[in-house]
Amino acid sequence: MVVLRVPDSISIQSHRGIYEACFTPDLLNDPSALLEGEPHFIIDSNIARLYSTQLHSVLSHPNVILVDATEQNKSLESASQIITTLVAQKTRRNHHLVAIGGGIIQDLVCFIASTLLRGVSWQLVPTTLLAQADSCIGSKSSINVGDAKNIVGTFYPPTKIYIDQNFLRTLHQNEIHSGIGEILKVHAIDSAESFNRVASSLEAITHDLDAIQPFIYSALTIKKRYIEVDEFDEGIRNIFNFGHSFGHAIESATNFGIPHGVAVTMGMDVACQIAASRNLLPNSESARMRTALRLNYQPFAHIPIPLDASMNALLKDKKNSSTELGLILPVGQQANIEKVMVPPNEEFVDQFRHALGAIAQ
Ligand SMILES: NC(=O)c1ccc[n+]([C@@H]2O[C@H](COP(=O)([O-])OP(=O)(O)OC[C@H]3O[C@@H](n4cnc5c(N)ncnc54)[C@H](O)[C@@H]3O)[C@@H](O)[C@H]2O)c1
């Protein structure tokens with residue numbers, strides 16, 4: 001058997017210097033590195049419960065805040081409550097925050113770190129597949145306000161990321177599908193061949209965590225190339241929103257009843273269908289991608305997605321101009337991922353209705 005070894009770390013250049021995403025398979029056995037310096041821990045309450053033994057030394061530290069990882073808690077109100085506690089803990093600028101959890105805890109802690117005392121450093125222990133393979137690098141924080149998802153945020157990278165794949169063993173299968181959605185997205189951006197490589201391993205990576213590691217590594221390596229040239233998302237990095245405008249609309253219209261990366265997978269399917277109906281993408285390319293996408297979101301395909309609520313949410317997307325939707329679509333013979341401006345007219349609404357309807361079939 002060939003055992004694929006991936007390097008121990010990936011270095012990322014950012015506006016605040018170089019930071020490293022380190023593969024640390026022994027972190028849960030020995031989390032003492034997390035206790036160095038003056039840490040203030042913000043931890044997903046599910047992680048605290050599931051890993052109470054392995055993380056005993058961390059959980060016994062005097063500066064621990066537990067947070068339920070819900071979209072409702074990814075809010076200014078929750079950030080304000082956490083900041084109040086951090087102030088009571090006498091956080092100083094030479095202290096640092098440590099986030100232990102998935103994308104929700106990451107977004108909250110990144111946002112707080114970038115604003116508390118005008119900036120304190122922070123470290124990240126991503127515990128979901130989505131966070132390990134995608135969100136942990138790239139500097140972004142995003143906070144929801146009302147039903148506007150990820151509408152407030154900052155760019156503020158962590159100083160260090162510890163990736164221990166052992167956390168994934170307790171992840172619900174739905175969250176595995178969610179992470180695979182973002183892995184499919186990143187590889188679709190790289191090339192049709194990269195996407196096909198994930199697609200042909202889909203069965204294995206859905207059920208065998210050991211098969212996932214090379215795809216976590218390749219996803220981070222592909223994303224690194226883009227965030228190092230466009231950290232502030234002013235140009236080429238926009239294409240990492242493939243599946244996201246539609247995905248956020250689907251999440252919002254279903255009251256966050258569908259995990260983020262699964263909604264993104266549905267969003268990529270919608271993007272493929274709309275691109276094909278507008279003659280931007282050959283039907284054969286749309287069909288090629290849809291097979292893998294449908295397989296990944298299948299367990300959620302029965303959930304009704306109301307068109308009106310989805311359209312309302314889509315109209316609030318950050319990438320829109322004042323008159324047009326800014327959509328990220330696969331375009332041309334190679335299904336290149338590109339930004340396309342589309343008027344939200346009757347023709348578009350019809351195409352959107354049809355694409356949402358096809359998810360359930
Ligand atoms: N900042 C970014 O660049 C970025 C990128 C993509 C997504 N996001 C955001 O990330 C969020 C989604 O994050 P996510 O998918 O990582 O999950 P999450 O943080 O929403 O967590 C999902 C569920 O899994 C649980 N969980 C976490 N780790 C676990 C583990 N090891 N074992 C068992 N259960 C565990 C959580 O408690 C929660 O119930 C969304 O809000 C999305 O907008 C941010």
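**Entry 1: the ligand's surroundings**

I began by asking which helices and strands supply at least two residues each to the shell around the ligand. In this predicted model, the list holds helix H1 (45-50), helix H4 (103-115), helix H5 (129-135), strand S7 (140-145), helix H6 (173-190) and helix H11 (260-277). I noted that H4 gives the most, with five residues.

Next I looked up the shell as a whole. The ligand is surrounded by 31 residues, and I wrote down the closest ones: Asn46, Gly102, Gly103, Thr128 and Ser135. Sorting the shell by class gave me 15 polar, nine nonpolar and seven charged residues.

Why does the ligand lie between domain 1 and domain 2? I found that domain 1 (9-170) and domain 2 (176-359) both give residues to the shell, so the ligand lies between them.

**Entry 2: the two domains**

That sent me to the domains themselves. The domain assignment splits the chain into domain 1 (9-170) and domain 2 (176-359). Taken over C-alpha atoms, their centres are separated by 26 Å. I then checked who takes part in the contact: 25 residues come from domain 1 and 28 residues from domain 2.

On the side of domain 1 that touches domain 2, I found S1, H5 and strand S8 (148-155), each supplying at least two residues. The largest share there comes from H5, with five residues. I also sorted this side of domain 1 by class, and it divides into 10 nonpolar, 10 polar and five charged residues. A nice link to my first entry: H5 also supplies at least two residues of the shell around the ligand.

**Entry 3: the seven-stranded sheet**

A reminder to myself before tracing strands: strands of a sheet pair through backbone hydrogen bonds, either parallel or antiparallel.

In what order do the seven strands of the open sheet run? I read it as S1-S2-S9-S6-S5-S3-S4, with mixed pairing. At the edges I found strand S1 (9-14) and strand S4 (64-67), each of which pairs on one side only. Neighbouring strands of this sheet are turned against each other by 15 degrees on average, direction ignored.

I picked one pair to follow. Strand S2 (residues 17-23) pairs with strand S9 (residues 160-163) in the parallel sense, over four bridges. For cysteine 22, I found that the bridge partner in S9 is tyrosine 162.

Then I looked at the helices that meet the sheet. Helix H9 (residues 213-229) packs on the sheet and touches S1 and S2; its direction makes about 15 degrees with that of S1. Helix H3 (residues 76-88) lies across strand S3 (39-44) and S4, and runs at about 165 degrees to S4.

**Entry 4: two hairpins**

My last stop was a pair of hairpins. S7 and S8 pair in the antiparallel sense over five bridges, and serine 141 has threonine 154 in S8 as its bridge partner. This hairpin has two residues between the strands, and glycine 146 takes a positive phi near 60 degrees.

How many bridges join strand S10 (residues 325-331) and strand S11 (residues 336-342)? I found seven, again with the strands in the antiparallel sense. Glycine 326 stands opposite methionine 341 in S11. Here the hairpin has four residues between the strands, and glycine 332 takes a positive phi near 85 degrees.

Note on methods: Residues are numbered from 1 along each chain as its sequence is written. This is a predicted model: local features need pLDDT of at least 70, side-chain atom pairs count only at pLDDT 80 or more; totals for chains, interfaces and linings use all residues. A residue is near a molecule or strand if its C-beta atom, placed from the backbone, lies within 6 Å of it. Ala, Val, Leu, Ile, Met, Phe, Trp, Tyr, Cys and Pro count as nonpolar, Asp, Glu, Lys and Arg as charged, and the others, Gly among them, as polar. Domain bounds come from an automatic or database domain assignment. Two strands pair if DSSP finds at least two bridges between them. Axes are lines fitted to C-alpha atoms, for helices over the stretch in contact, and angles run from 0 to 180 degrees between N-to-C directions. Two residues are in contact if their C-beta atoms, placed from the backbone, lie within 7 Å.
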